[in-house]
Amino acid sequence: MNAERAGVTLRVEQTPERLAELAASEILAVLGTALAWRGEAHLCLSGGSTPTLLHAALVRHTFDGWPHVHVWFGDERCVPSDHADSNARMADETLLRHVGIADLHVHRLAGDRDPAEAAAQYHGALQDLAERAQAEVPTFDVLILGMGDDAHTASIFPGSPLLDHLDAAPAPPWAAAVHVPKLDAWRLTLTPAVLCAATATVVLVTGAGKHEALRRVLTRGVPIADAPARLLERATGDLAWFVDTGALFG
Ligand code: 6PG
């Protein structure tokens with residue numbers, strides 16, 4: 001079942017597995033188009049556990065463009081890259097080592113560095129990307145995001161100060177270090193300006209545990225501070241919510 005609203009698509013599948021297959025096909029189609037036009041493509045990965053099924057589906061597909069794809073990360077935990085919680089480690093284990101992406105094309109957030117320094121370094125890399133593309137804001141061809149059961153996305157959690165200036169014109173910094181009180185942990189995250197600039201944004205939400213958060217995010221009028229994933233309503237590109245029936249119907 002698909003539903004369309006101006007620039008926003010809702011893709012629904014019965015199971016996370018079928019959803020991952022559908023999302024993988026659409027992601028590779030967008031990357032293929034970018035490669036045909038520019039000879040390179042930029043893909044930003046999500047952290048968490050939901051993407052593992054999607055990564056497996058991407059690996060199963062035949063796609064010979066991977067050597068020309070640059071991979072970025074929407075957020076990272078402030079842990080070493082070999083830590084069990086590292087998003088970069090999860091991406092490497094489930095996708096990157098299987099598809100032949102040059103390590104030079106993998107742009108990791110440095111979870112093992114001082115958070116402010118790591119954010120500044122990533123901001124610089126993203127600024128280079130924007131300048132090379134002569135774009136105001138760093139723009140990924142595909143941005144993959146997840147959503148927590150508190151409606152956070154990337155590492156923008158409810159009450160985040162990064163949500164304070166959403167109505168202002170997109171402006172740097174493109175990456176930030178944030179302390180997350182509920183986790184009592186530092187995170188590195190892309191800022192809303194970058195999260196809303198991608199050509200195609202794919203948000204993957206599965207499981208009944210996400211139903212209440214998804215309901216709030218898809219309900220107009222809910223304050224963005226209480227449901228940060230609602231910031232994606234500001235996405236300037238195509239936005240597709242890929243959800244399973246568990247998340248949609250509870
Ligand atoms: C992270 C993610 C985060 C994630 C949600 C959902 O680093 O945790 O980037 O935004 O997408 O927390 O996580 P799950 O997929 O594990 O439910």
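This is a short conversation about reading a sheet, a ligand site and two backbone details in a predicted model.

Biologist: Let's start with the sheet. What is the order of its three strands, and is the pairing parallel or antiparallel?

Modeller: The general idea is that strands of a sheet pair through backbone hydrogen bonds, in either a parallel or an antiparallel way. Here the sheet is open, its three strands run in the order E5-E8-E7, and the pairing is antiparallel. Strand E5 (75-77) and strand E7 (175-180) are the edge strands, as each pairs on one side only. From one strand to the next, the twist averages 25°.

Biologist: How many bridges link E7 and E8?

Modeller: Six bridges join E7 to strand E8 (residues 185-190), in the antiparallel sense. If you would like a place to look, find Ala 176, which stands opposite Thr 189 in E8.

Biologist: Which helix packs on the sheet?

Modeller: That is helix H4 (residues 115-132), and the strands it touches are E7 and E8. The direction of H4 makes about 150° with that of E7.

Biologist: Now the ligand. Which residues come nearest to it?

Modeller: There are 16 residues around the ligand, and Ser 49, Thr 50, Asp 75, His 152 and Ala 154 come nearest. Sorted by character, the shell has two nonpolar, 10 polar and four charged residues.

Biologist: What lies close to the ligand's oxygen atoms, backbone or side chain?

Modeller: You will find examples of each. For the backbone, a polar atom of Ala 154 is 2.6 Å from a ligand oxygen, and an N or O atom of Gly 47 lies 3.3 Å from a ligand oxygen. For the side chain, an N or O atom of Lys 210 is 2.8 Å from an oxygen atom of the ligand.

Biologist: How much of the ligand's accessible area does the protein cover?

Modeller: On its own the ligand has 410 Å² of accessible area, and the protein covers 87% of that.

Biologist: Last topic, the backbone. Where is there a cis peptide bond?

Modeller: Look between Pro 172 and Pro 173, where omega is about 5°. Pro 173 sits in the loop between strand E6 (142-145) and E7.

Biologist: And which residue other than glycine has a positive phi?

Modeller: Gln 134 does, with phi near 50°. You can find Gln 134 in the loop between H4 and E6.

Conventions. Residues numbered from 1 in each chain as written. Predicted model: local features only at pLDDT ≥ 70, side-chain atom pairs only at ≥ 80, totals over all residues. Heavy atoms only, no water. Pairing = 2+ DSSP bridges. Helix = DSSP H or I, 4+ residues; strand = E, 2+ residues; numbered from the N terminus. Axes fitted to C-alpha atoms, helices over the stretch in contact; angles between N-to-C directions. Contact = heavy atoms within 4.5 Å. Near = heavy atom within 4 Å. Polar contact = N/O pair within 3.5 Å; in protein donor to acceptor, adjacent residues only side chain to side chain. Areas by Shrake-Rupley, 256 points an atom, 1.4 Å probe, with all protein chains shown as cover. Nonpolar A, V, L, I, M, F, W, Y, C, P; charged D, E, K, R; others polar.
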